[in-house]
Amino acid sequence: MAAPKLGFFEKIANLTGALYRHQAAQFPRRFAVLKAVGKHELAPPRQADWPAIKADWAKVQKFIQTGGYKNLTVKEGLVYTAVSLEVIFWFFIGEMIGRRYIFGYLVPADYVSKSTKKAVKEQEALAALEN
């Protein structure tokens, strides 16, 4: 006897279940790799790393000052441009995430800074002394 033909949604359900079981089996290994890479890549630079960072920065400055960018191929130029734009965009996105708003910091309409409050108190004290 032949198996009944599966409908579209039954096929999708079977495929989803198979993908879920595969991903669930792979998760511990992938999570361990992600944790190891994250621990290494997201750590601040160590004291031993600073000479290499300074040397790389000096190379970049020399590359710009001597006009080395004029000798790049189009492909290299596009790659360097893409990397630069990615760094710049992540900086701006990080700023937006940090302030939790897209267009600047939200300041309440009734906000008065501490220095302004202090100046007002000093003026009121002077006015009280004069009267």
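pLDDT is the predictor's confidence in each residue, from 0 to 100. This is a predicted model, in which local features need pLDDT of at least 70, side-chain atom pairs count only at pLDDT 80 or more, and totals for chains, interfaces and linings use all residues. Residues are numbered from 1 along each chain as its sequence is written, and side-chain values use heavy atoms, with hydrogens and water left out.

**Figure 1. Confidence along the chain.** The mean pLDDT of the chain is 90. A score of at least 70 is reached by 98% of the residues. Among the elements, helix H2 (residues 50-65) has the highest mean, 95. H4 has the lowest, 91.

**Figure 2. The whole chain and its fold pattern.** Four helices and zero strands make up the count (DSSP runs numbered from the N terminus: helices are H or I, at least four residues; strands are E, at least two). The order along the sequence is α-α-α-α. The radius of gyration, taken over C-alpha atoms, is 30 Å, well over the 14 Å from the globule rule for 131 residues (2.2 Å times the number of residues to the power 0.38), so the chain is more spread out than a compact globule. Along the principal axes, the C-alpha atoms fill a box of roughly 110 × 50 × 35 Å.

**Figure 3. The surface.** About 12,800 Å² of the chain is exposed (Shrake-Rupley method, 1.4 Å probe; for residues, only the protein chains shown count as cover). Carbon and sulfur atoms supply 67% of that area. Of the 131 residues, 3% count as buried (under 20% relative accessible area; exposed is over 50%, partly exposed in between; 1.4 Å probe, protein chains only).

**Figure 4. Close-up of helix H2 and the residue Gly67.** H2 has 16 residues, which should span 22 Å at 1.5 Å a residue (the expected span is 1.5 Å times one less than the number of residues). The end C-alpha atoms of H2 are 22 Å apart, in agreement. Just after H2, Gly67 adopts a positive phi of about 75°.

**Figure 5. Close-up of the salt bridge.** The structure holds one such contact (a side-chain nitrogen of Lys or Arg within 4 Å of a carboxyl oxygen of Asp or Glu). Arg46 and Asp49 form it, at 3.4 Å from N to O. Arg46 is exposed, at 58% relative accessible area. Asp49 is partly exposed, at 26%.

**Figure 6. Close-up of helix H4.** H4 covers residues 114-130. Its 17 residues should span 24 Å, and the end C-alpha atoms are 24 Å apart, which agrees. The number of buried residues in H4 is zero, so the helix lies largely in the open.
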